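Here is a friendly walk through a set of protein chains, taken one region at a time. Please keep the viewer open as you read.

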There are 6 protein chains.
Amino acid sequence: MKKVVTFGEIMLKLSTLDHQRFIQASQMNVEYAGAEANVAVSLANFGLPVSYVTKVPENDFGQAACNTLKAYGVDTNFVAKGGDRLGIYFAEKGASQRPSKVVYDRKNSAIATAEADDFNWRTIFEDAQWFHFTGITPALGPNVAEICLQACKQAKKMGLTVSCDLNYRSKLWSREDARQTMSRLAEYIDICIANESDISDVFGIASEQNDIEHGKLDVETYDAIAAELMGKFPFRMVAITKRESLSADDNNWSASLYMRGECFHSRRYHIHIVDRIGSGDSFAAGLIFGLVNGYEPQRVIDFATAASCLKHSVEGDFNLVSKAEVESLVNNNYTGRIQR
Amino acid sequence: MKKVVTFGEIMLKLSTLDHQRFIQASQMNVEYAGAEANVAVSLANFGLPVSYVTKVPENDFGQAACNTLKAYGVDTNFVAKGGDRLGIYFAEKGASQRPSKVVYDRKNSAIATAEADDFNWRTIFEDAQWFHFTGITPALGPNVAEICLQACKQAKKMGLTVSCDLNYRSKLWSREDARQTMSRLAEYIDICIANESDISDVFGIASEQNDIEHGKLDVETYDAIAAELMGKFPFRMVAITKRESLSADDNNWSASLYMRGECFHSRRYHIHIVDRIGSGDSFAAGLIFGLVNGYEPQRVIDFATAASCLKHSVEGDFNLVSKAEVESLVNNNYTGRIQR
Amino acid sequence: MKKVVTFGEIMLKLSTLDHQRFIQASQMNVEYAGAEANVAVSLANFGLPVSYVTKVPENDFGQAACNTLKAYGVDTNFVAKGGDRLGIYFAEKGASQRPSKVVYDRKNSAIATAEADDFNWRTIFEDAQWFHFTGITPALGPNVAEICLQACKQAKKMGLTVSCDLNYRSKLWSREDARQTMSRLAEYIDICIANESDISDVFGIASEQNDIEHGKLDVETYDAIAAELMGKFPFRMVAITKRESLSADDNNWSASLYMRGECFHSRRYHIHIVDRIGSGDSFAAGLIFGLVNGYEPQRVIDFATAASCLKHSVEGDFNLVSKAEVESLVNNNYTGRIQR
Amino acid sequence: MKKVVTFGEIMLKLSTLDHQRFIQASQMNVEYAGAEANVAVSLANFGLPVSYVTKVPENDFGQAACNTLKAYGVDTNFVAKGGDRLGIYFAEKGASQRPSKVVYDRKNSAIATAEADDFNWRTIFEDAQWFHFTGITPALGPNVAEICLQACKQAKKMGLTVSCDLNYRSKLWSREDARQTMSRLAEYIDICIANESDISDVFGIASEQNDIEHGKLDVETYDAIAAELMGKFPFRMVAITKRESLSADDNNWSASLYMRGECFHSRRYHIHIVDRIGSGDSFAAGLIFGLVNGYEPQRVIDFATAASCLKHSVEGDFNLVSKAEVESLVNNNYTGRIQR
Amino acid sequence: MKKVVTFGEIMLKLSTLDHQRFIQASQMNVEYAGAEANVAVSLANFGLPVSYVTKVPENDFGQAACNTLKAYGVDTNFVAKGGDRLGIYFAEKGASQRPSKVVYDRKNSAIATAEADDFNWRTIFEDAQWFHFTGITPALGPNVAEICLQACKQAKKMGLTVSCDLNYRSKLWSREDARQTMSRLAEYIDICIANESDISDVFGIASEQNDIEHGKLDVETYDAIAAELMGKFPFRMVAITKRESLSADDNNWSASLYMRGECFHSRRYHIHIVDRIGSGDSFAAGLIFGLVNGYEPQRVIDFATAASCLKHSVEGDFNLVSKAEVESLVNNNYTGRIQR
Amino acid sequence: MKKVVTFGEIMLKLSTLDHQRFIQASQMNVEYAGAEANVAVSLANFGLPVSYVTKVPENDFGQAACNTLKAYGVDTNFVAKGGDRLGIYFAEKGASQRPSKVVYDRKNSAIATAEADDFNWRTIFEDAQWFHFTGITPALGPNVAEICLQACKQAKKMGLTVSCDLNYRSKLWSREDARQTMSRLAEYIDICIANESDISDVFGIASEQNDIEHGKLDVETYDAIAAELMGKFPFRMVAITKRESLSADDNNWSASLYMRGECFHSRRYHIHIVDRIGSGDSFAAGLIFGLVNGYEPQRVIDFATAASCLKHSVEGDFNLVSKAEVESLVNNNYTGRIQR
């Protein structure tokens, strides 16, 4: 099977233990993660060949980031080397009414200061069938946005499917910058993945009925949003994830897939959260996996939602679950009995 | 008071930290546990004299297993020494929709390769009033099943009460093998402890109305199952535990005791799980404790169910709670206020 | 702004990891905490100048206790030095139906054996506007009760507001002793903070309708209790916290403020608990902060309740949240979405 | 073989991790230890029946202390229950020029406040051949000194051998008190174990040539000291350990045994220290083991010194080495090659 | 550059923390290691393409073993899947006079029960220039010895260089079995790596002057041993490592290379040990790396010895040092100043 | 006593556990440290009033850095707030022949991008008697060098003593830049602290006889270097530390003080290292402490050298030892016996 390519930033992730706040930490967990890397790892766990493209510094942390990806079977042959530093992000886990907190220290990272000739997309896309990135990648800077555009153009030229998770990050760019850049990139995107906030923040398409902050979602209004989005951009499919945030510990989670004028809705899972960072990425991976394997649309959205449901039970950003585990959940086995 | 004897396998238990998956582990917790050892420790915690019978290798791990039991006051004087290795089991804790996972590496363990003359049951049963084992013990191999049978015969000869928790493990033997062996042993068993799956797997007695996978239990049908079981085998009592698995974190838990044609039902506890491994064993220990002390049947089932309810809140396989703590829960204090 | 002074015992707190029981512990967490110290740290976190008064031994543990307070910006210039030992308390965290457990080893501590001339209240109260202590302080011994009385008198003489959290601890003194001593101190207390058990234990004022053990609270009956309390003692305000203990993991939490014949009720929070020790202290700190800043009564009780709601999500006794975080929760953002 | 009885205080030991100072600790290791308990555990590890006598409070920490002893096979049936608290000691590990540091918090412990009728020595000494205690035990208070004296008298009456390690602790009593009490006890002691400081501190017998602080020991002068000691008291044997403290990490370690006018000197080991607390106790255990088994004097001192040499390589106060491991070192295998 | 292939067993390694003994462990470190895997990782760290051949079970531990290798850049495409279990080895770290201890639990592992058609050596050796294994591999069983022989034959047929580290393990086979099997394999081995004990144990060639146990090595006698070895077998080169075991913490370490009648001796390093397991493997990797790169013989032995010297300072079995770090040590920078 | 002011960068320090390499780390220790902050903490530990001046971002990490300083009693009232990020440095601990490794990620930190008006030196220096900085501070950038110059000028104007530790860091600036900037600053420096490399790197003054890399120091040549240095710059005193790096674990350490034409040499300590980072800073603190207290020159250098000797035994960058502990070492007690 031809490979999937994802492109973005992998960072050193430093997270406090248990539910400690940053101010209390005398130790932190060390991981390496990033939205598109998370997608790559999840796809590799499902058994797909995946290549991850980024730039890391030539030091131990750049090396450790690559080692982590390689451990899970992600190809890192196209990772450029150079630049000053690996971006860092700090995470503390919320609980009950206290939200989780992320502090970015990712400016001037190797990938944020990368240049066009760090990446030879023609070579990278040989043997590839799919190109995935998220809205975080172009938000890293105009140079990276430009590289992203080049990658999209080359991908289309070589017949790859292009998917993008909007992933709006207000700490990286303004809504205006996001809208302008993402609108240009949208011309090359086949499959758009987003949640309601992303769609509102990036493309200004919103429904007034929903109350995201309080987690009350009027599911029907999503259909209208998706329709508007597909009318405005040449997306072949739109997938929307729906999170009802009851507390930092408990969420409802579901998703819908829109294509050819039809809507496919997943089951809604009530989740007791272990770690929700990376759950959107695990959804994207599940979606790509289903589509690459030619699943029926309903099975695609079921697989992607079950995969991302399971991610919430796994520590760290990576969705360390197998295809079989996802399918077991899809097939109604969701009560968490011991496997022995 | 005369002692209780339990017989089975104690293993090295290696479990991942927090909710980590095996694939992530850079450290694992080290414990020593096993179904019948768990029963022994719980009985010792309640204040009963208990002797545990098994075979362990003459190395540090066999020694550590015995030390652990001795620490909790379990007599290990009848533990045979020899053989190649201590059995191992690996455990990762599930969460939400992700089930807990157990990997056995227990083949060729000292006890699995034990021989009849490793144990002198006549000596072991001096000063004893009760013999307890579970369906795991005979599943370790035909030799161990045979030893088990000898123990049962000797126990009956010396006037001990014999109890058995069916504990069917599909990774150890087939249903057919289980049925055949357990049916022979059943002739010597006074008290049969089981959950619905066990009864169905081992003796083929099942009700069609229940949907165990999804945790929906029609409580009434249990009475019929128990009746059928008691009709088929010469059990004096049958105790059935009922788990409704809402998720890997949340279960409902209750139990019933059947004797002399009467049914005694416990309260149903809604439990937020810390660690559910060993909860069945803690139920058996509570039941034995109540019966040995001559409690009324209702108090017996209340005590056993409360004991095993509390086990779900304790890390590790052992039920590290006192008789007083169980009684406090029986007496309606179940809200978890701080004791200070 | 003029400072707040709190007075009491800071202890070495040794707590088991995760949900381990004392009997399992091979390591324990080391912290330094105590009811009035917790209030001081929370006030410092909100930005108020605070001075903490106690006595600690001249050894590493007395030093470490002071260092911990200084780290959070609490002034320790009036901490007396001397005596034999720092009091210790051991804590294990409950779960589900198993209650948390606290073991005190605080007898003969430096503060419990302190003498009147260890503290020069006239100097301590310079630049101060508020004096806070809890019922634990006079319970440490007649000498400390006497010191407490002197402090109260001096505080009133110098025009400070005096607040007291009843905090009845049955392991420290009898109800009779508490009633006698607290009744004397009550003459100097402007603001009384308590929960229903405290009021019943210390002042014998109780309502029969409530069933504290089972967490079912008839909210209306609190108004009568508060009225009776204000009728009996010259308190200007009474604040009552209401905990419904559904399990060791899940509580409902709310509070009411009574003043000038009016009742102000907070929202009721459903909390999934990380660590509830110190939540009462965080409520007192929120209350003091609101009153010192001249908030409207409704905003005072809202702020105090939200602050203490958040405390339940923080590991350790200190409420490590900022004024902005509390206000965000007051302003309806209570779903725990990630901040990034 | 008849059992050995040891009598003293077992404490909760809280030690900082690695080489952390108390002031840095956010976690501490939890152990249970004490001089005479250490001797008991070491003897049990060598395979002797041992009974430990002390008094512990009826709480989780008293229980945990007993569990620890039971784990290693020490009989705790004669441990009295009651009193307020378990004594505590804090330990931080030194390095290079920085000494290790011990802080005692053992006043008012259960054993320090024990009374004569907590112990029935006649019953305790049934089946016993040996009674061992150290100078720490009578230093706990006049009541304990008196109990110690009763034990010695009863031991002699019942024909037991009595051994005592002088173990002078200046934080527990003055030299004068020590001399007076120990001189009385000495009348019943068969075997006196000590280092040069102890002999000087307790009995005022010292040589001027040695420079203990700087670890330079003139080995010959020990013979004179031992001779003087044996002249003054009716000891049948005297054993002296000799530590040359080159740094907190590196010590030379040797010992001598004096009996019937003869001197037996061990090899001198150069030790790179992992944990030296408990090394004196491990020497006493080695000595007792050798004598109980009727070894030749040279083999006795060789075994005891090798045992205590190995203790320096083991974390914690207990000497977790087997008889075979000690003998391997005695037999010249001291280069630490991997056993595989 | 053409790849190196190594073949052997990778195990789950469970090691106690710091210097804890097995009997004390409440947690263990989790790693995956094995002699030939260690060589592979070290070569990959130096920048060589390496492929590792083994068989692992299709469970999480087999997967984790492969992931670990992949993380360091070792190709695992030729790892066979199947069998029952991954072999386990337990390790506790010695100190001073206490030796390190290894307990094997590797019987019936996937590789030990592998069959010839699990490996297609013709395919495996495409693009390869070198085949390396150690004496542990054929010791796993006659079937593995046979597979080893087939691999050697195929390697020679395809023109690869074959190297073997004798690595005698008395717990796996007798000297007689080793001699017989290794003598057959020796016919195909170009480069033999060993220490003095190995040569004596496997081939019965020994010098009487050396006293390995006490770490006193008469360096000159090695030349005779090497000469005898090269006279007896068709080795093109022999490399001998020399360890003087002063204690479990301190060793002297050096090596010699014999070829074409010449001797090349390395510097002798005095090493303060962090972890010595895997040091022999790191020597083999250094040797192979130097030879593959066509270094002069003196530089080969200098590089290999420096590489393995550094391994002693690294936690775990893998030599996590770069070519540049080894060369820095070769070039006289061996004082351990901070690099900043 | 008037306060000491130090000025520089405090960083988030992330260090691997034990001797792990960066590439292995799954957790890292979290500390906050920096050369001048280390000096401040050490002075506070000795009992001096100290104020630390820097700039930190307004986030949790800036706050935590200040909290850490406040915990040890360092005044942080003059710490400016703002800028993007807290500088980070990563540290892995070497062993034996493997050097420790430091990776800086400190570009664009709050202090590196500070501006002159962030600091009002006139106010800062009120009540101050001493100003200390190191060569790292001006190396952070021309703006910081300029601020440093202003501080020096203001310090001299207000009669403060100015001390500077050369602390050359090749990763921050070139020798040429260092020489130019430090030569300008030298005009205001009363006391210059350095090691031989610093003097050579910054001022080009070197002796050819010494062989720093190999730790062989010809002590006499230092006198010539100091004389040359004092001839070239208006330093009133020069203090030189001398490290002989035998391995990453073992160093010899001594120092000399030059003033008024006289040389004062300390004892030479052989040190087994726990953590050597911060040892130079602890020397500077000891020197300042001695001079501020008017010690005799010999006592000054003895105190400073003993203080920094002890630092090598303490984990972390801060010298957590008291004045009494330093004096005990000065007074010949250097064998590391347990204090109990």
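The paragraphs below go from the relation between two chains to the sheets, then to a single strand, a helix pair and two backbone details.

Please keep in mind that this is a predicted model. A good place to begin is with chains C and F. A turn of 180° and a shift of 0.0 Å along the axis lay chain F on chain C, with an RMSD of 0.0 Å. The two copies are thus related as by a two-fold rotation axis. If you would like to find that axis from within chain F, look for F:A71, whose C-alpha is the nearest to the axis in that chain, 2.0 Å from it. Both copies also use the same surface, as 100% of the contact residues of chain F recur in chain C.

Next come the sheets that span two chains. Chains B and E contribute to an open sheet of eight strands with mixed pairing, and the order is β8(B)-β7(B)-β2(B)-β3(B)-β3(E)-β2(E)-β7(E)-β8(E). Which strands stand at the edges? They are β8 (101–105) of chain B and β8 (101–105) of chain E; each has a single partner strand, so one side of each is left without a neighbour in the sheet. On average, neighbouring strands of this sheet are turned by 30° against each other, direction ignored.

Within the chain E part, strand β2 (residues 11–16) and strand β3 (residues 27–33) run antiparallel and are joined by six bridges. To see how they line up, find E:L14, which stands opposite E:V30 in β3(E). Helix α2 (residues 60–71) of chain E packs on this sheet, and its direction makes about 65° with that of β3(E). The helix touches strands from both chains: β3 (27–33), β7 (88–92) and β8 of chain B, together with β2 and β3 of chain E.

Chains C and D offer another open sheet of eight strands, again with mixed pairing, in the order β8(C)-β7(C)-β2(C)-β3(C)-β3(D)-β2(D)-β7(D)-β8(D). Its edge strands are β8 (101–105) of chain C and β8 (101–105) of chain D, each of which pairs on one side only. From one strand to the next, the twist averages 30°. In chain C, six bridges link the antiparallel strands β2 (residues 11–16) and β3 (residues 27–33), and C:L14 stands opposite C:V30 in β3(C).

Let us now turn to one strand of chain F. Is strand β13 (residues 250–259) of chain F mostly buried or exposed? With a cut-off of under 20% relative accessible area for buried, 10 of its 10 residues are buried, so the strand is largely enclosed by the rest of the structure. Both faces are covered: F:D250, F:N252, F:S254, F:S256 and F:Y258 are buried on one side, and F:N251, F:W253, F:A255, F:L257 and F:M259 are buried on the other.

What does β13(F) pair with? Strand β12 (residues 237–245) of chain F pairs with β13(F) in the antiparallel sense over nine bridges, and a hairpin of four residues joins the two. Along this pairing, F:A239 has F:L257 as its bridge partner. Strand β15 (residues 269–272) of chain F also runs antiparallel to β13(F), with four bridges between them; here F:N252 stands opposite F:H270. Strand β14 (residues 262–265) of chain F pairs antiparallel with β13(F) over four bridges, and F:S256 stands opposite F:H265. The hairpin between β13(F) and β14(F) has two residues in between, and F:R260 in the turn has a positive phi of about 45°.

For a helix pair, go to chain C. Helix α6 (residues 175–186) and helix α7 (residues 196–203) pack at an angle of about 90°, with their axes 7 Å apart. That makes α6(C) roughly perpendicular to α7(C). C:R175, C:A178, C:R179, C:M182 and C:S183 in α6(C) meet C:S200, C:D201, C:V202 and C:F203 in α7(C). The residues of this contact divide into four nonpolar, two polar and three charged.

Finally, two loop residues deserve a look. Most residues other than glycine have a negative phi. C:N167, though, has a positive phi near 40°; this residue lies in the loop between β10 (161–165) and α6 of chain C, and at 9% relative accessibility C:N167 counts as buried. E:D18 has a positive phi of about 45° without being a glycine. E:D18 sits in the loop between β2 and β3 of chain E, where, at 38% relative accessibility, E:D18 counts as partly exposed.

Note on methods:
Residues are numbered from 1 along each chain as its sequence is written. Chains are lettered from A and ligands numbered from 1 in the order in which they are written. This is a predicted model: local features need pLDDT of at least 70, side-chain atom pairs count only at pLDDT 80 or more; totals for chains, interfaces and linings use all residues. Side-chain values use heavy atoms; hydrogens and water are left out. Buried means under 20% relative accessible area, exposed over 50%, partly exposed in between (1.4 Å probe, protein chains only). Two strands pair if DSSP finds at least two bridges between them. Axes are lines fitted to C-alpha atoms, for helices over the stretch in contact, and angles run from 0 to 180 degrees between N-to-C directions. Angles under 35 degrees count as roughly parallel, over 145 as roughly antiparallel, 65 to 115 as roughly perpendicular and the rest as oblique. Contact means heavy atoms within 4.5 Å. Ala, Val, Leu, Ile, Met, Phe, Trp, Tyr, Cys and Pro count as nonpolar, Asp, Glu, Lys and Arg as charged, and the others, Gly among them, as polar. Copies are superposed by least squares on the C-alpha atoms of residues with pLDDT of at least 70 in both.
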